[in-house]
Structure formats: C-alpha cells, structure tokens
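New to this one? Here's a quick briefing to get you oriented.

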Amino acid sequence: MKNMRLNLIAAVCDNMGIGKNGDLPWRLKKELKYFSAQTKKVNNPEKKNVIIMGRKTYFGVPESKRPLPDRFNVILTSEPEKYEFPSEVIVAKSMEDAFLKLDEPKIKDQIENVWIVGGHSVYKEAMESPMCHRIYITRVMSTFDCDAFFPTIPDNFNRIKNDEDIPEEVQEENGIKYQYQIYEKV
Ligand SMILES: NC(=O)c1ccc[n+]([C@@H]2O[C@H](COP(=O)([O-])OP(=O)(O)OC[C@H]3O[C@@H](n4cnc5c(N)ncnc54)[C@H](OP(=O)(O)O)[C@@H]3O)[C@@H](O)[C@H]2O)c1
C-alpha cells in the first residue's frame with residue numbers, strides 16, 4: 001500500500017463549504033451519481049476501490065445507503081468501540097492504521113484505487129501525504145451556509161484537463177451551476 005496513489009473527491013461551494021449539520025448543503029442528484037461512478041470505476045472488474053472517510057461523513061450517509069456499495073468502506077474514528085458498524089466495513093483508528101488494514105494480503109490484492117471522500121481533517125491529512133496524486137473537485141458555483149469546509153489546496157497542485165469521460169463545461173441542476181475540475185500534484 002505504501003506506493004498506492006491517493007485520489008481525493010469533494011464537492012465544494014464558493015465559500016469552500018462541504019457540509020451542514022452532518023449532511024450535504026445541496027441536493028445535486030447527477031453530482032452524486034458522478035461521485036458514485038468515479039469512486040466505483042475500475043479497470044480490472046475483479047477488483048474494487050477503497051473509500052476512506054471520517055466518522056461523521058459515514059454517519060451522514062442515510063442508514064439505508066451505507067456502507068456505500070461496491071467499494072471497501074474504511075471509517076476513521078478514534079473511538080471505534082463507541083459506535084456500531086456493520087461487519088463489512090473496515091474501522092481504523094488513524095490513517096496509518098487504515099493502510100495497515102488495507103495491506104493485509106486478502107484485501108490488498110482486491111484493491112484497485114483508494115479514494116479519500118472527506119471530511120475536513122481527512123482531506124487535509126491526505127492532501128499533505130506524499131501519496132496524494134489527484135484532487136477531483138466539483139466547484140458548486142454558489143454560496144451555502146456550511147459548518148464543514150474543504151481545506152486549502154496546497155500550492156503544489158495544478159489544475160489539469162479533465163479525464164476524457166468527465167465534461168469540462170458547466171453543469172446545472174435545480175438552478176445550481178457546478179463544474180467538474182481535476183488538480184494534480186506537480
Ligand atoms: N461536499 C462533499 O464532497 C463532502 C464530502 C464528505 C463529507 N461532507 C460533509 O462534511 C461533513 C462531515 O465532515 P467533517 O469534517 O465534519 O467530519 P469527518 O471528517 O467526516 O469526521 C470527523 C471525525 O472522523 C474521525 N477522524 C477523522 N480523521 C481521523 C484520523 N486521522 N484518525 C482517527 N479518526 C479520524 C474523528 O472521529 P471520532 O470523533 O469518532 O474520533 C473525527 O471526529 C458532513 O456534513 C458531510 O455531509 C461533504
């Protein structure tokens with residue numbers, strides 16, 4: 001796992017917000033489908049991707065929809081004994097602990113990519129890691145009342161052209177404009 005490249009994915013509004021009251025500040029169905037498609041995408045159909053998230057992000061997903069299907073769900077919490085998790089999720093006490101757990105032979109061989117899916121401190125730690133490769137950001141072009149925010153993108157990331165299957169043009173849903181962007185470490 002040490003050589004594994006990490007990708008981040010986040011939807012971020014003009015004031016850098018990502019969440020409010022444990023939920024997303026907006027309802028963008030197509031954007032959620034994009035998140036799902038990106039994080040599920042594999043070249044080898046025998047493999048699956050990993051999504052790593054903080055405890056609040058995990059519990060922010062409606063109960064009926066978690067763990068998120070077709071991906072290894074890794075949840076970070078300093079108090080794993082305090083919460084109930086289904087047996088198929090991987091619970092880790094730190095990012096390092098998460099990578100140790102993913103490094104176990106039975107799991108390691110089934111992994112294609114690792115996606116960091118939030119929230120604030122998980123994004124920050126991952127962006128500062130030498131393993132971080134790309135940041136997939138959906139720029140939500142409005143201001144929302146938020147209580148969780150995306151950290152500042154380090155200077156050593158530059159915007160690049162989108163992958164072929166990701167539209168460059170501005171999208172619109174429910175009167176809210178947004179644009180898919182990709183940043184890559186220089
Ligand atoms: N717009 C987006 O793309 C997007 C993406 C993700 C989330 N969100 C939103 O953001 C909000 C949640 O984000 P958040 O920043 O408030 O919380 P979060 O990062 O999801 O969860 C924070 C918790 O995760 C655990 N944690 C984080 N880093 C850890 C580490 N290195 N080691 C061990 N435990 C760690 C801690 O849990 P314990 O307190 O249990 O120790 C911490 O209190 C929600 O509103 C959600 O809907 C939005």
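A polar contact here is a pair of N or O atoms within 3.5 Å. By that yardstick, an oxygen atom of the ligand makes one with the side chain of Ser78, where an N or O atom is 2.4 Å away. Keep in mind that this is a predicted model.

**The ligand and its surroundings**

- On its own the ligand exposes 920 Å², and the protein buries 83% of that.
- The ligand takes up the space of the largest pocket.
- Two or more residues of the shell around the ligand come from each of β1, β2 (17-19), α2 (55-60) and α5 (120-127).
- The biggest giver is α5, with five residues in that shell.
- There are 28 residues around the ligand, and the ones that come nearest are Ala11, Arg55, Thr57, Thr77 and Ser78.
- Backbone atoms join in too: a polar one of Ala11 is 2.8 Å from a nitrogen atom of the ligand, and a polar one of Ile18 is 3.0 Å from a nitrogen atom of the ligand.

**Strand β1**

- Is β1 buried or exposed? Eight of the eight residues of this strand (residues 6-13) are buried, so the rest of the structure largely encloses it.
- Both of its faces are covered, with Leu6, Leu8, Ala10 and Val12 buried on one side and Asn7, Ile9, Ala11 and Cys13 buried on the other.

**Who β1 pairs with**

- With strand β7 (residues 132-140), β1 pairs in the parallel sense over eight bridges, and Cys13 stands opposite Val140 in β7.
- With strand β6 (residues 111-116), β1 also pairs in the parallel sense, over three bridges, and here Leu6 stands opposite Val114.

Key: Residues numbered from 1 in each chain as written. Predicted model: local features only at pLDDT ≥ 70, side-chain atom pairs only at ≥ 80, totals over all residues. Heavy atoms only, no water. Buried < 20%, exposed > 50% of the residue type's maximum accessible area, 1.4 Å probe, protein only. Helix = DSSP H or I, 4+ residues; strand = E, 2+ residues; numbered from the N terminus. Pairing = 2+ DSSP bridges. Near = heavy atom within 4 Å. Polar contact = N/O pair within 3.5 Å; in protein donor to acceptor, adjacent residues only side chain to side chain. Areas by Shrake-Rupley, 256 points an atom, 1.4 Å probe, with all protein chains shown as cover. 1 Å grid on protein atoms, 1.4 Å probe; cavity = no way out; pocket = protein on both sides within 12 Å on 5 of 7 lines; lining within 4 Å. Sits in = over half its atoms within 2 Å of the grid points.
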